[in-house]
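Please open the model in your viewer and keep the sequence panel visible. The tour proceeds by selection, from a set of strands to a helix.

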Amino acid sequence: MEQQLWIWMWCSIVLLLTTCSCASRKKYEETKCHYYNQTSCDNNKNEKDCTSAIQNCKAGENDKPSYCYAVWTNDTKTNKLEIKLKGCFLNNVECQGQKQCKDKKEEMKPNGLMFCCCEGDFCNSEIMWDPIPTTPRIETTSAKPLRDENELIHTIVFSTIPLVAVASMFLFVYWVYKRRKIPQFSHVPSSDSSHLGNCSPILSNRPIQLVEVKARGRYGAVWKALHKKDTVAVKIFPPQDKNSWLVEQDIYQLPHMQHDNMLSFIGAEKHASVIEGAKNEYWLITAYHDYGSLCDFLKSNILTWDQLCHIAQSMARGLMHLHEEIPSERADQYKPAIAHRDFKSNNVLLKHDLTACIADFGLALVFQPGKSCGDTHGQVGTRRYMAPEVLEGAINFSRDAFLRIDMYACGLVLWELATRCTAQQGAIPDYRLPFEEEVGQHPSLEDMQECVVHKKLRPAFKDSWKSHPGLIALCDTMEECWDHDAEARLSASCVMERITWQCRQYNGTAVTSLAP
């Protein structure tokens, strides 16, 4: 865009200079004068309208102007003028500034001929002569300074116009450049901090105070913080994870990402590290939710059937919105399909009313129409939640293939919800991660490959779940989400519809209704 502006600017300047140059020369190109030759007209009696002939006078050498002249005699008895000659007259300084053909008595010739010249088209059409003797007049050159003054004005005007045009172009280009450099953060401005304090700094140039660490993960720590009077969450990325910080903020700022089931994005910043001598760190500022992640909530809380339904529905709705492509007539409102690629209970946050919202888009992929997925690495995410094709390294690099990987993980999160639901009969077991019974808390990639790919194991359903028809129906949905055949898995919209129907169908069902 800037290159096009520069080309347009220089073309405009050349055009202005050319126009000014042409305008300044145009007045010397040609002058029109009345033409008359008494001898020629007297000898040629058949010449029609001899006295109304027009002569076009071209400029002389070195672009000097042309003038008009007239020669006549005066009959002192009748006081009548007899025209002898009219036409073009070149290069006479005396004619400059004379707008009418007027005789001067001191120029009268002995043979009685009188002469006058003037400047301008057809200025010799009328002759002026005063027969009454007057005192000699001192010749003045007032006309010449007038011409010089006009030329000075023209020079100033034609010189100023290009300068003004050039200055305007530079100002316009500078304005466009500055507008493109304005940071586009939502609420909190972005700039480097010159100094940070210790563990919980209050930044001198920002109204943000870090309060306490709430979670630590692969991409740094999540802090509870204060922005003015509001509580916010600040996810701090170390320098080596700058790319994840860039990807995540780009995802949050896509059209339609301000959604009830997406973590609300506030802004992104670059800071000096809180550790003295360390490099810059990168902050992602979002809404703060007291309940934290679904994983942390399930560790210390159990769910009623209604609560399970609300969490599962809102989680499926968020995943459906993430996967959905939203077309728009305006290019800046088009939302592409997005694959999360690290979907798990740790990346599902709970609001105060247990509404789920999806977070952590550092590994997400955006699928633009007509573009390939690029050279992205397929084997990413959390091992415990990796689909069989991810563990095998046999991913079909297409949009639908990546979306089905998210659906596999969605089935595992639904299983986690079911394990902590009071709708089952008997005591509620302690919270366990998916496959924790099979591979432990810290499985290797080989452990997960053996369990999921070769043995085709999935988390076990508890016998106590048979006490509630809603849990039984939910198990069917889980199995179709984590199917070994990726193409057989349910889509997010289908999971949303199923859970909505199941929760409505089995709302209020007694725990003992299907007891053996």
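Begin by selecting A215, which stands opposite V222 in β9. This is a predicted model, in which local features need pLDDT of at least 70 and side-chain atom pairs count only at pLDDT 80 or more, while totals for chains, interfaces and linings use all residues. Residues are numbered from 1 along each chain as its sequence is written, and side-chain values use heavy atoms, with hydrogens and water left out.

Next, extend the selection to strand β8 (residues 208-217) and strand β9 (residues 220-227), which run antiparallel and are joined by eight bridges. Strands (E, at least two residues) and helices (H or I, at least four residues) are DSSP runs numbered from the N terminus; two strands pair if DSSP finds at least two bridges between them. With two residues between them, β8 and β9 form a hairpin.

Now add strand β10 (residues 230-237), which runs antiparallel to β9 and is joined to β9 by seven bridges. Here A221 stands opposite I236 in β10. In the hairpin of β9 and β10, which also has two residues between the strands, select K228: its phi is positive, near 60°.

Move to helix α10 (residues 445-454), where M448, C451, V452 and V453 are buried (under 20% relative accessible area, with exposed over 50%, 1.4 Å probe, protein chains only). These residues lie on the same side of α10 because they cover an arc of only 165° around the axis, taken from the directions from the helix axis to the C-beta atoms. Exposed E446 and H454 are on the face turned away from the buried side.

Finally, select K456, just after α10, which takes a positive phi of about 55°.
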